[in-house]
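Visitor: Got a minute to walk me through this one? I'd like to start with the cysteines.
Guide: Sure, let's bring it up.

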Amino acid sequence: MSSPAFSSALADAAAVRGQLNTWLVEHAYPLWWEAGADRLHGGFHEKLGLDGKPTNDPRRARVQARQVYAYSVAAKSGWNGPVREAAEHGLTFFLNHYRRPDGLFRTKVAPDGGCLDDTVVLYDQAFALFALAAAQGAAPENRVPEEMAVAVRQRLLDTLHHAQGGFEESHPRTLPLLSNPHMHMLEACLAWMEQGGDGGWRELAEEIVNLALTRFIDGQMGGLKEYFDGDWRPQAGTPGRIVEPGHQFEWAWLMLRWSALTGSQAAADAAWRMIAIGEGPGVDRRRGVAMNALLDDMTPHDPVARLWPQTERIKAAALAALATRDDADRSEGYWAMAAAGGRGLMTYFDTPVQGLWRDRLNPDGSFVEEAAPASSFYHIVCAIQELDRALATIGHP
């Protein structure tokens, strides 16, 4: 029988989930389709001003790919709008204007689709693979996304594969090497594994997990670092000491997923340590939010709190609560963490037009006055759906 404290934490998380999902379905999905989709040129606007009107910013590949994902999975949250039309609207623009002759994806185009930056950035390739997986899931009868994704994967292995595992950032080489794009490559691999993709996705996922366990994660401190030299050693000076709470949560979420798939105890152990860092020194209790960055001695480095670390806090907490459901005391703590993360996230939704969000919370508790970036939508959707999945798995309405 569950204790009163466990039941209270679970009910609190479920109540927060309900508030988040209502906001998503009733306000965010409609707004970002009605105002966020460009009916003239195609694709999605990079940002919406706080008045709900689009800006005319250049369009990054990662944003288009993220919007394809967000609308591909919209029906799972209960949005009754034109899910397939919205996803195809984004995917068509993305494939028409970002795909290069070599099959990889350029990083930036103008609002009308004209090329502004033809560079191949690893981060963008990861999101291209992720968007293609979402598109495949939304239309399983169409195998073109899978064929395209396998070709991109092979092209990356042929051109950017690092001799010690993982990938270079570009060719010719640019430094530092980064852990962050590998996180999203792992996310894409897991998405394709869930779609029943070929064995190459599992092989690549295992390589990235091993690289994280042996190079990205500091064995003594337990946290995952961001910037590396050409041999996967932490970059000299301050950059090599940076530990981002949001990425501790995000990598922990992925490591727990990998552990559930493979039984890897090393991945699970790493996840628990990263969650402890993110939720411990990584959270400013006064504001109730995860900060941008610490140093490896766990002192604050960047106390501004962007929106996205709050979503990753929810994702990690939800999956951790599920993974520890046979230990009521531990699970209770993670459900409470999920609820706290959800309440922190909702503070970013206090905007003049419902369905928008703030992006940066200052140390003094004020928000930066700026347009809402479309890039955050993927984070928000994923967090709400992860919390919903965790609650559904244990049979909580």
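Visitor: How many disulfides does a search of the whole structure find?
Guide: The search turns up 0 disulfides, a disulfide being a pair of cysteine sulfur atoms within 2.5 Å. Keep in mind that this is a predicted model, where local features need pLDDT of at least 70, side-chain atom pairs count only at pLDDT 80 or more, and totals for chains, interfaces and linings use all residues. Residues are numbered from 1 along each chain as its sequence is written, and side-chain values use heavy atoms, with hydrogens and water left out.

Visitor: Why is Cys-189 too far for a bond?
Guide: Because the closest cysteine sulfur, in Cys-382, is 15 Å from the sulfur of Cys-189. Cys-382 is likewise in no disulfide.

Visitor: Is Cys-189 buried or exposed?
Guide: Cys-189 is buried, at 1% relative accessible area. Cys-382 is buried too, at 2%. Here buried means under 20% relative accessible area, exposed over 50% and partly exposed in between, with a 1.4 Å probe and protein chains only.

Visitor: OK, new topic: pockets. How much space lies in the largest pocket?
Guide: About 680 Å³, where volume is the space filled by probe spheres set on grid points, joined across faces, edges and corners. A pocket is an open set of points on a 1 Å grid over the protein atoms alone, where a 1.4 Å probe fits, with protein on both sides within 12 Å along at least five of seven lines; lining residues have an atom within 4 Å of a point.

Visitor: Which residues lie nearest its centre?
Guide: Glu-194, Trp-253, Arg-257, Glu-386 and Arg-389, out of 30 lining residues. Helix 13 gives the largest share of that lining, 6 residues; helices are DSSP runs (H or I, at least four residues), numbered from the N terminus.

Visitor: And the second largest pocket?
Guide: That one holds about 540 Å³. It has 26 lining residues, with Tyr-123, Asn-180, His-247, Arg-306 and Trp-308 nearest the centre. Helix 7 supplies the largest share of this lining, 4 residues.

Visitor: Last thing: which residues touch the most other members of the largest nonpolar core?
Guide: Trp-32, Tyr-71, Trp-251, Trp-335 and Phe-377, in a core of 129 residues. A nonpolar core is a set of buried Ala, Val, Leu, Ile, Met, Phe, Trp, Tyr and Cys residues joined through side-chain atoms within 4.5 Å.

Visitor: What does Tyr-71 touch?
Guide: Leaving out residues up to four places away in sequence, its contacts include Trp-32, Phe-44, Trp-79 and Phe-377, contact meaning heavy atoms within 4.5 Å.

Key. Helices (H or I, at least four residues) and strands (E, at least two) are DSSP runs, numbered from the N terminus.
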